[in-house]
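Please look first at the sequence and the 3D structure shown here, and then read the notes beneath them.

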Amino acid sequence: MRIEFDREKCQGHNRCYMLAPDLFDVDDEGYAILRDAGEVPAELERQARLAADNCPEFAVVLVEE
Amino acid sequence: MTLPQRPAVADWATDFDHTHPDYAAAAPEIWDDLREQCPVARTERFGGAWLPVRHADVAAIAHDTEHFTSKAVIVSDFRGLVDAPVGYAPPITSDPPFHQEARRLLLPAFSPKAVALLEPFTRQFCSSLLDGLAASGSRQVDAAVDYAQHIPVQVIAHMLGVPPEDGDRFRVFIHRILEAPGQTGPIEPEDTLTFYLWQLIEQRRTDPGDDLISYLLTTEIEGEPLGPEHIVGTCALLLLAGIDTTWSAIGASIWHLATHPEDRRRLVAEPELVPTAVEEFLRAYAPVTMARLVSEPVEVGGCPMEVDDWVLLPFPAANRDPEVFDRADEVLVDREQNRHLAFGLGIHRCIGSNLARMELTVAVEEWLRRFPEFEVADPEGVRWSTGQVRGPRTLPLRLPEGA
Ligand code: HEM
Ligand code: SF4
């Protein structure tokens with residue numbers, strides 16, 4: 001599973017940071033920072049899915065191989 | 001004085017009135033009907049307004065600042081007094097490009113990391129309110145008036161740096177604005193919120209602290225320090241945008257738990273589920289409907305919108321669209337897929353969303369810890385507000401003996 005994050009769409013709802021803290025950090029203004037783009041380690045797949053399923057702006061996308 | 005009754009609505013698709021008590025009483029059914037027959041409703045009331053109810057249309061409008069302006073966001077018979085882009089309550093009534101300037105000043109104070117620092121204070125305050133309710137010995141409490149209402153007021157007063165000894169005075173100002181506008185008779189100019197804030201600002205200028213007012217005094221917009229008018233306006237906006245909204249969300253959540261014992265018992269048994277449940281309450285009982293004015297002619301869902309038409313953004317209706325949410329009409333406290341729009345979408349996304357979520361989670365957790373069992377004392381006594389911010393204004397609950 002790969003994770004993609006679109007900074008242009010992000011409006012700082014911070015759902016990803018709350019639900020997937022191992023995948024996302026947040027800057028001082030509250031916009032998301034994806035820690036590591038690309039392949040999601042198996043143990044973080046659940047966090048990745050929660051982030052993608054709860055972002056109101058559809059800014060987090062998962063690509064399943 | 002009794003207000004003139006609003007004329008009854010004959011047909012919600014062509015004559016809707018979101019301020020009518022019939023809308024407050026049955027909005028979800030009205031949205032469901034409209035979604036099927038006419039997803040963008042129209043009314044000639046308010047000088048002409050539209051009501052889109054599909055998620056896709058609400059999202060498209062919230063993201064479109066080219067055809068829609070925020071210079072007025074509460075529907076009335078008037079259409080805003082000051083022109084965009086600066087507006088009178090930045091950033092909520094501002095348009096790009098000024099909007100981003102005004103918004104950026106506030107974002108750091110409301111980021112998740114800044115808000116986390118306020119959690120212990122909030123928890124302690126909720127717990128002290130509950131101590132008071134438990135100590136009163138009364139078996140009947142009003143969760144809206146005696147609990148939910150106080151939480152956002154106390155938190156915002158703390159953020160602004162209102163000294164604790166001014167708390168009572170501050171609450172009187174807030175009460176006048178939110179509950180009894182224009183009903184208190186003549187007021188001395190020294191006894192107004194504006195005057196009070198003005199004084200507080202002057203005081204912080206000479207003796208800064210780590211509060212929001214002191215911080216705003218150090219910020220600049222386009223190379224100039226913020227004038228006291230901008231700071232007073234910002235404080236007033238935070239009070240207006242942050243209090244009855246959060247009060248509504250806390251009250252609606254407790255109302256749900258009072259009327260759904262199975263959900264209440266589950267959250268008591270699994271407190272780690274509360275943050276997920278809170279998102280579901282925000283989806284199902286989203287308190288806020290915003291509005292825009294059309295600034296350039298545009299078509300939405302096949303409807304031709306003209307300049308100066310009002311367009312409502314009913315986030316609660318979008319949150320119940322089955323296109324986006326499975327089992328949209330059910331409240332599922334463990335819903336894992338929840339892209340709800342309770343805090344809006346796009347550039348005006350609620351600045352206070354992290355703060356409101358924290359307050360709501362803490363308020364529910366502390367309440368359930370103190371009062372795991374409770375029920376509505378008198379269903380007739382539950383009164384919900386009407387208009388663009390919706391939540392219980394009175395919520396009489398019965399506590400079991402010995403709680
Ligand atoms: C559950 C509680 C709350 C709800 C449901 C809520 C909802 C909303 C919504 C839907 C918007 C978008 C407005 C638009 O698109 O025109 C908004 C904006 C805003 N909210 Fe909240 N709000 C809540 C709590 C708060 C709190 C606690 C604060 C601050 C103390 C706050 C401050 C603001 C501000 C400043 C804006 C304007 C942002 C901008 O225009 O850039 N809100 N809110
Ligand atoms: S949930 Fe979406 S919009 Fe919110 S911070 Fe994360 S990526 Fe950005």
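The notes below cover the surroundings of a ligand, its iron atom and a nonpolar core.

This is a predicted model, in which local features need pLDDT of at least 70, side-chain atom pairs count only at pLDDT 80 or more, and totals for chains, interfaces and linings use all residues. Residues are numbered from 1 along each chain as its sequence is written, chains are lettered from A and ligands numbered from 1 in the order in which they are written, and side-chain values use heavy atoms, with hydrogens and water left out.

**Shell around ligand 1**
- Ligand 1 is surrounded by 28 residues (each with a heavy atom within 4 Å of it), and the closest are H99(B), R103(B), R292(B), H348(B) and C350(B).
- The largest share of this shell, 7 residues, is supplied by α11(B), a helix (a DSSP run of H or I, at least four residues, numbered from the N terminus).

**Polar contacts and iron**
- A polar side-chain atom of H348(B) lies 2.6 Å from an oxygen atom of ligand 1, a polar contact being a pair of N or O atoms within 3.5 Å.
- C350(B), through SG at 2.3 Å, is the only protein donor of the iron atom of ligand 1, where donors are N, O and S atoms within 2.8 Å of the metal (3.2 Å for Na, K and Ca).
- C350(B) sits in the loop between α14 (315-318) and α15 of chain B.

**Nonpolar core**
- The largest nonpolar core has 103 residues, being buried residues (under 20% relative accessible area, 1.4 Å probe, protein chains only) of the kinds Ala, Val, Leu, Ile, Met, Phe, Trp, Tyr and Cys, joined through side-chain atoms within 4.5 Å.
- F24(A), F170(B), W367(B), F374(B) and L397(B) touch the most other members of this core, to which α11(B) gives the most, with 13 residues.

Key
A polar contact is a pair of N or O atoms within 3.5 Å; within protein, one must be able to donate a hydrogen and the other to accept it, and residues adjacent in sequence count only if both atoms are side-chain atoms. Helices (H or I, at least four residues) and strands (E, at least two) are DSSP runs, numbered from the N terminus. Buried means under 20% relative accessible area, exposed over 50%, partly exposed in between (1.4 Å probe, protein chains only).
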